[in-house]
Structure formats: C-alpha cells, structure tokens
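Subject: Structure handover

Hello,

Here is the structure I said I would pass on. Please look it over before reading the notes underneath.

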Amino acid sequence: MKKTNDFGKEPIYDAKSLGTPRMLVLGIQHLFAMFGATVLVPILTGLSVSATLLFAGLATLLMHVVTKRKVPVFLGSSFAFLGGYFSVVAAGSELGLSQAESLPYACVGVACAGLLYLVLAAICRAVGSKKVMRFFPPVVTGPIIIAIGLILAPSAINNCSSNWLIALVAIVVIVICNIWGKGMIKIIPILMGVIVSYAVAGIFGKVDFSGVKEAAWIGLPFQMKNTVFGLFAGGNVNTGLLVSSIIMVVPIAFATMMEHVGDISAISSTIERNLIEDPGLHRTLIGDGVGTTIAALFGAPANTTYGENTGVLVLTKVYDPLVVRLAAAFAIVLSFCPKFAALISAMPSATIGGVSIVLYGMISAVGVRNMVENHTDFQKSRNVIVAAVILGLALGINFSGLLGADITTAGNNATGAISFTIGNMRVALSGLAVSSIVGIILNAILPDKREEYMPNDENSGSLGRF
C-alpha cells in the first residue's frame, strides 16, 4: 500500500502496510546505519559500549514521545564532545586521576550541556527560533567545528602508528564504500571500514580475543561506580575539576545545537513536512537535550541526531517513525550482551586510528561546508576576525606547551588550558571553551550587519558522524 506525502508528489510507504517482517528488516537497516559511529565514540573515550547502546536507544524513544511520534530521527553518539572528554581526562591526569576516575567528571559537563538545550528550547518557544539563531551564525559555529576536528587529529595518527597497514585498510574501505558504494553500503562506510579492517587484523593475529571469551552473554549495560551518581556517592569529589569540566564541555553545545537545527531541517526536507513548526523546534531540542543529560548521568556519551538514518529514509522512502523506534529497541537489546561489547572493545587501535583519520577530517570539512553552504561572506573584515580569533584561540591554547600541553604526547589527549584559581578551587578552560565564548561575544559586539543562521535543507552538515 502506498500513500502520497503532504505535497502529493512522490508515493511513500506506510511501515504497517508493509507487514511485520519487512518492518523488522527496515528497523535492522536503521540499526546498521547508526551502529558504526555510535559505538566508535565509547571506544575512543573509554566509556561503556553497552551503556552507549542502551541510552542511544532510550534517548531515541524519548525523543519520539516528546515529539508526538512525528519525527523519524535516531539519537546516536556525538563526536563533537570528544575534545571535551579528552580535555577533562588530561586535566584529571594532572591531579593523579585515572581515565576511569576522570570520565564521570566529563559526564557531568555533558549533562550540563544537555540542560543548555532546554534553555534554548524555552527561549525558542518564547521569542521564536529566528531571534535566537542570530547569535550563532555559521561564522561562529563553522570555525568551532573545524577546530574540533583539528584538535582530535593527532590522536588518530598515534593510533594508526601501531600498524599502518591495518589503518590503511580501514581508510581505503571507507573511501571506496562512500564514493563507489551502492545502496546500503554507501550509507554505512564507517561500519564497513571497521569490519574489514578488524577482519584483516584478526587474520594476521593482531587481535586479542581473550576478553571476548571471558565475557558473559547477558549482563547489565553499566556499573554505578562508572556513573555520575557513583562519583558523588564516593564523597571525594574534586570541586575544581568538576567546575573545570562544566566550563570546558558546555560551550561545545553551542555548535551541537546548531547541528541539531540543521539535521531537523534536513529531515523536514526529506519527508516534506515542516517539523520546525510541527511538532516544533522546542520539542526536538527538549528530546535531544534530555536524552543527552540522562545518558551522561549514567556514563554514556552525549547524543545527537543522526544524518545516516536520514539517508536511510531517502533510500527506502519509508518515513514512518515506527521503523526508527524498532532500531532503538534493537540497540537496547544488544546493550545487555557483554560478550558483544567485549568484541567491540577488542578492536585494534590501528583500526580505530584509520577510521578516525577520515572521521576527524570530515568533522573539520563539515565546518568548512557549514560556512560555504550558508554563504558566509569573508570579504567582511568582521567575519574574518571572528573566525580567525576562534581558530587561533582553540588550536593555540590546546597545543600550547606553556599552558600544559606536551607536544610529544598531545595526540594522546594531553591538552593545554587556561587555568586560574578561585579560592582553593583550580579551574581550567580548554581552547574550545575559550574560543566558543569569545567567538559568540565578538560576533555580537562587532559592528556591521550580523549574519543569521539559515540551515541548509539539502544537507544538514552533521558534525557527529561521517
């Protein structure tokens, strides 16, 4: 059975009319579309793979409830916050904390970033989204996105150095699938790169599967000691690191919120329904923000709207949000299988490095595309100054040896930060935090007409994924 969309142009398929077997297949397809990028974030950061899958699924279901089940969107792991996680872990190591002990502090910052979505949602509801977006034009968000990718790039090279052949396999497969792939293969190049490179590493004996053998088939997706609740339950919280984490991570939300607007616009264009108006941008922001906050509290990465799943919508012409909810349910089921999580965690660092080279480079490229597609005018001196200051501060502070970064280990997440003391509390501001704040202020106070954020409906410019 077919039915026409709101504009009566092209027939679309109703998921229920296709029958249960086809609906399940469509749900699995959406699961594969988001899978590669979603599990890569916990692998890179040290967060739980199982918790990531669980809260990606739960956040997606929450989003559908908040948006009255009208938006066919999947919420998966956001790569935009990687720099924040790495900066907090680096700051924690200076205090003698391990990665596992530092990550809950980063999660506090991400949880607060999720709450910022609620603030923007309330403002959009009160005064209209257009008035709010004028403070976050592409000349501000574009350079921030570029800086995120460039800051992360050294860690990709370091991972590749463990075995360049395996890393090269991942890069080549991703390029081939993305450029010459057909159908579903073209939509999941990251996943294909991981699978093929992982297989090659296994054939050459470069993978340790001992953890997979020991892992149970069924288990809980997370441990309370690794959550924010576990951090505060311990009663030994470093207040300075806690405040620093919030200040370093929260500004990243300014870029991811713009990504959210672009993604929702892209989905609206795909299904030819104005989702900005109905169910409303404020509702989608609430779903994304609350999902991110809840995930962070339980030790999972920040969530974001996934463009890969929008690609599946285009491919299948099935716009019923029910199939996306099925993918969310499948992700939740997988999260309760520790053996599966162990298999993911056994992935060679060279595979991660090869995938990351492309991924981090794409993040920066998306920042450039964000400005190009929105016609940012660099003949205006004010725009040049805003972009230059953002990039200079973000990269300069992050890699400055005088501010704490060791250039010999910068790729292993040792980052510089502007530090100061308030009473007995030491606060550190990352390069991204400083550049985001300064960029927004500069754009607001410099003379000449400010550009407004006009999301490109044809391509959202997602910074979370490939």
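The notes below go from the whole chain to single residues.

Please keep in mind that this is a predicted model.

The chain as a whole

The chain has 466 residues, and 56% of them are buried. Its secondary structure consists of 20 helices and six strands. Of the contacts with a separation of 6 or more, 82% are between residues 24 or more positions apart. The exposed area of the chain is about 18700 Å², with 65% of it supplied by carbon and sulfur atoms.

Helix α16

Helix α16 covers residues 322–334, which makes 13 residues. From first C-alpha to last it reaches 19 Å, close to the 18 Å expected at 1.5 Å a residue. The buried residues of α16 are Leu322, Val323, Val324, Arg325, Leu326, Ala327, Ala328, Ala331 and Ile332. An arginine, Arg325, is thus listed among them. What covers these buried residues? The cover includes α1 (20–45) and α2 (49–66).

Helix α14

Two places in helix α14 (residues 276–297) may be worth opening in the viewer. One is proline 279, which lies in this helix. The peptide bond leading to proline 279 from aspartate 278 is cis, and its omega is near 20 degrees.

The other is threonine 293, also placed in α14. Is threonine 293 buried or exposed? Its relative accessible area is 11%, under the 20% cut-off, so threonine 293 counts as buried. Setting aside neighbours within four places in sequence, threonine 293 is in contact with Ala111, Gly114 and Leu115. With leucine 115 there is also a polar contact: the side chain of threonine 293 reaches the backbone nitrogen of leucine 115 at 3.4 Å.

Aromatic rings

How many aromatic pairs are there? The count comes to five. One of the pairs is formed by tyrosine 198 and phenylalanine 209, which are stacked, with 6.3 Å from centre to centre and 5 degrees between the planes. Tyrosine 198 belongs to helix α9 (residues 189–203), while phenylalanine 209 is in the loop between α9 and α10 (210–214), so the pair ties together parts that are eleven residues apart in sequence. The two residues also have their own accessibility values: tyrosine 198 is buried, at 12% relative accessible area, whereas phenylalanine 209 is partly exposed, at 32%.

Elsewhere, Phe55, Phe222, Phe229 and Phe298 are linked into a cluster by ring pairs. A ring also features in a contact with a charge: the charged end of lysine 339 sits over the ring of tryptophan 217, at 5.2 Å from the ring centre.

The loop between α2 and β3

Which residues have a positive phi in this loop? Lysine 68 has phi near 60 degrees, a positive value in a residue other than glycine, and lysine 68 is found in the loop between α2 and β3 (75–77). Arginine 69 likewise has a positive phi near 60 degrees without being glycine, and arginine 69 is found in the loop between α2 and β3. As for accessibility, lysine 68 is partly exposed, with a relative accessible area of 46%. Arginine 69 has 59%, which is over 50%, so arginine 69 counts as exposed.

Regards

Note on methods:
Residues numbered from 1 in each chain as written. Predicted model: local features only at pLDDT ≥ 70, side-chain atom pairs only at ≥ 80, totals over all residues. Heavy atoms only, no water. Helix = DSSP H or I, 4+ residues; strand = E, 2+ residues; numbered from the N terminus. Buried < 20%, exposed > 50% of the residue type's maximum accessible area, 1.4 Å probe, protein only. Polar contact = N/O pair within 3.5 Å; in protein donor to acceptor, adjacent residues only side chain to side chain. Contact = heavy atoms within 4.5 Å. Phe/Tyr/Trp six-rings, centres within 6.5 Å; stacked < 30°, edge-to-face > 60°. Lys NZ or Arg CZ within 6 Å of the ring centre and 35° of its normal. Expected span 1.5 Å × (residues − 1). Areas by Shrake-Rupley, 256 points an atom, 1.4 Å probe, with all protein chains shown as cover.
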